[in-house]
Amino acid sequence: MSGRYVVQTFGCQMNVHDSDRMEEVLRAHGWMPALEVEAADLVVFNTCSVRERAEQKLRSEVGKLAPLKKRRPELVLAVAGCLAQQEGERLLARLPYLDLVLGPDNIAELPALVRDHIAGAPPQARTVFDLDSPRFLAAAPRPGEAPVSAFVTTMKGCDERCSFCIVPTTRGPERYRPADEIVGEIARWVAAGSREVTLLGQTVDSFRDERLPPPEGDDPDESQFPHLLRLIAAGVPDLLRLRYTSPHPRHATRSLALAHAELPVLARHVHLPVQSGSDRVLRRMIRRYTREEYLERAGRLRASRPDTTLSTDIIVGVPGETEADFGETLSLVREARFTSLFGFKYSPRPGVPALRLGDDVPEDVKGDRLARLFALAEELGRAHLEGLVGTTQQVLIEGPSKGSPRTFSGRTGQNEIVHVELPEETFAVGELVDVEIVRAFKHSLSARPTAAGLARLPRTAQRSHAEKRRRLLPLVQGEAG
Ligand code: 5AD
């Protein structure tokens with residue numbers, strides 16, 4: 001039983017990735033994407049509950065489909081992702097139009113659940129963690145459709161107990177994908193035309209695989225993540241750039257910085273969430289590092305190779321955060337020299353340990369702190385981008401920019417977004433282009449290709465590197481069985 005589906009995604013990169021896997025399992029069972037919900041037989045909402053009012057958002061999305069569902073009761077409405085895991089059957093009781101609730105570890109069961117539902121089974125919730133035999137759905141790059149920049153899951157779940165965070169509840173304990181599977185999947189993406197890969201995991205740098213050598217160094221927080229990075233670099237030599245998100249600062253040890261110094265494939269950028277600059281708040285958050293330890297680790301990463309940039313996540317207004325605590329956060333942002341950051345107002349999540357601490361920072365104070373944090377981030381970001389004007393950078397072109405047909409966008413190894421105009425006869429998507437930065441905007445740069453950069457670009461008449469590689473895909477898939 002199959003038909004047309006729509007998957008609507010909310011939230012983080014991991015959810016985007018899960019939605020891709022959902023689409024793959026559906027397509028493997030004969031389902032096809034619908035161009036609009038009106039034409040769909042199945043709508044899946046892949047939800048996020050890490051912040052804000054996830055359930056209200058879902059309620060409003062489901063509400064929008066109520067008229068359609070009344071007209072066509074056979075339309076199947078499913079909820080997946082973190083809210084599904086967190087609420088399970090309760091969601092079915094609270095949202096009358098819902099048919100299925102599916103946790104992040106139950107994605108492979110989606111086609112069967114939909115089939116059973118269509119055959120008359122009552123609404124069901126499947127939210128079981130695959131603790132005994134963790135399952136990582138292998139990505140199936142499709143010929144000609146591999147993105148320049150692909151995502152590969154290396155671990156899931158979280159063993160940290162940050163007091164503000166719902167992720168341990170919604171994603172379960174840490175489970176790691178075997179290193180050889182990870183290397184194999186990266187090789188498949190690269191064979192299909194991808195040039196950059198971002199490794200994904202809630203604490204991506206806590207990686208373990210008993211088949212790898214033990215962690216290096218005597219720091220108890222050392223993991224085998226640096227080994228994984230080396231294996232990838234050696235195993236997929238055609239990969240242009242390797243990124244990962246998000247590391248926990250606890251495992252951002254000396255050996256990780258060494259891996260950065262040693263492996264040119266690693267991007268010169270690390271997103272290292274700090275959450276707060278105050279030791280008192282870090283303790284309340286149960287982050288398991290001090291401000292000083294964070295700065296030491298971040299500094300080592302920044303120094304691992306010239307011009308390595310750092311970005312971060314920060315929460316303002318956690319219970320008990322004083323103006324002095326927040327001042328520490330502002331001073332840390334300067335001291336760590338972040339070139340960009342994400343800032344959030346603390347939002348109490350169901351069942352998290354911080355609930356015991358109340359939610360005592362008034363909304364307007366949270367708003368004021370967030371605005372001041374963003375103002376500082378903008379000042380630092382602007383200074384950083386302006387400092388790049390006149391320099392030469394290597395940009396991996398990801399696709400055409402919105403607007404002008406000859407302007408393309410990509411990112412430097414340090415993660416700055418760059419727009420560059422390229423002549424008609426060149427084929428640039430998936431290529432590394434040397435450019436000179438000519439102008440800084442608020443969050444991006446504009447550039448022109450250098451003469452040497454231009455000369456190295458393939459002409460449209462020739463097939464680009466990425467296209468040539470894509471033609472190999474059926475062969476590689478055949479080999480992988
Ligand atoms: N309130 C506000 N922000 C949060 N984050 C996680 N939990 C909360 C919460 N309860 C933020 C953290 C994390 C990012 C993904 O979301 O900064 O790094």
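1. Serine 246 lies in the loop that joins strand 11 (241–245) to helix 9 (254–262). In this predicted model, the peptide bond leading from threonine 245 into serine 246 is cis, with omega near -10 degrees. Most residues other than glycine have a negative phi, and most peptide bonds are trans. The bond between threonine 245 and serine 246 therefore departs from the usual trans form, and a colleague examining the backbone may wish to view the loop after strand 11 with that in mind.

2. Two further backbone exceptions concern phi. Arginine 288 is not a glycine, yet has a positive phi of about 65 degrees. Arginine 288 is placed in the loop between helix 10 (279–285) and helix 11. With a relative accessibility of 47%, arginine 288 is classed as partly exposed, because that class runs between the buried limit of 20% and the exposed limit of 50%.

3. Aspartate 307 also has a positive phi of about 65 degrees, although it is not a glycine. Its loop runs between helix 11 and strand 13 (309–316). The relative accessible area of aspartate 307 is 53%, so this residue is exposed, the cut-off being over 50%.

4. Which residues of helix 11 meet helix 12? On the helix 11 side they are Arg291, Tyr294, Leu295 and Arg302, and on the helix 12 side Glu328, Ser331, Leu332, Glu335 and Ala336. By class, this contact has four nonpolar, one polar and four charged residues.

5. Two packed helices are described by the angle between their axes and the distance between the axes. For helix 11 (residues 291–304) and helix 12 (residues 323–336), the axes come within 10 Å and cross at roughly 20 degrees. Helix 11 is therefore roughly parallel to helix 12, since angles under 35 degrees count as such. The crossing of this pair is right-handed.

6. Helix 12 also packs against helix 13 (residues 363–388), at an angle of about 15 degrees and with the axes 10 Å apart. That angle makes helix 12 roughly parallel to helix 13. Helix 12 passes helix 13 in a right-handed crossing. Helix 12 contributes Glu323, Phe326, Leu330, Val333 and Arg334 to the contact, and helix 13 contributes Arg369, Arg372, Leu373, Leu376, Glu379 and Leu380. Sorted by class, the contact of helix 12 with helix 13 has six nonpolar, no polar and five charged residues.

7. Is the packing of helix 7 and helix 8 parallel or oblique? Helix 7 and helix 8 (residues 225–235) pack at about 40 degrees, with their axes 10 Å apart. Helix 7 is therefore oblique to helix 8, because an angle of this size is not under the 35 degrees required for roughly parallel. Helix 7 passes helix 8 in a right-handed crossing. The contact consists of Ala179, Ile182, Val183 and Ile186 from helix 7 together with Leu228, Leu231, Ile232 and Gly235 from helix 8. This contact has seven nonpolar, one polar and no charged residues.

8. The geometry of helix 7 (residues 179–191) can be checked by its length. At 1.5 Å a residue, its 13 residues should span 18 Å, and the end C-alpha atoms are 18 Å apart, which agrees. Buried residues in helix 7 are Ala179, Ile182, Val183, Glu185, Ile186, Arg188, Trp189, Val190 and Ala191. Just after helix 7, glycine 193 takes a positive phi of about 120 degrees.

9. Leucine 26 belongs to helix 1 (residues 13–28). Its relative accessible area is 0%, so leucine 26 is buried. Leaving aside residues up to four places away in sequence, leucine 26 touches Tyr5, Trp31, Leu42, Leu110 and Pro111. Leucine 26 and valine 114 are 88 residues apart in sequence, while their C-alpha atoms are 9.9 Å apart in space.

10. Is lysine 69 buried or exposed? Lysine 69, in helix 2 (residues 54–71), has a relative accessible area of 8% and is therefore buried, the limit being under 20%. Beyond residues up to four places away in sequence, lysine 69 touches Leu75, Leu77, Tyr97 and Asp99.

Methods
Residues numbered from 1 in each chain as written. Predicted model: local features only at pLDDT ≥ 70, side-chain atom pairs only at ≥ 80, totals over all residues. Heavy atoms only, no water. Helix = DSSP H or I, 4+ residues; strand = E, 2+ residues; numbered from the N terminus. Expected span 1.5 Å × (residues − 1). Buried < 20%, exposed > 50% of the residue type's maximum accessible area, 1.4 Å probe, protein only. Axes fitted to C-alpha atoms, helices over the stretch in contact; angles between N-to-C directions. Parallel < 35°, antiparallel > 145°, perpendicular 65-115°, else oblique. Left-handed = near helix turned anticlockwise from the far one by under 90°. Contact = heavy atoms within 4.5 Å. Nonpolar A, V, L, I, M, F, W, Y, C, P; charged D, E, K, R; others polar.
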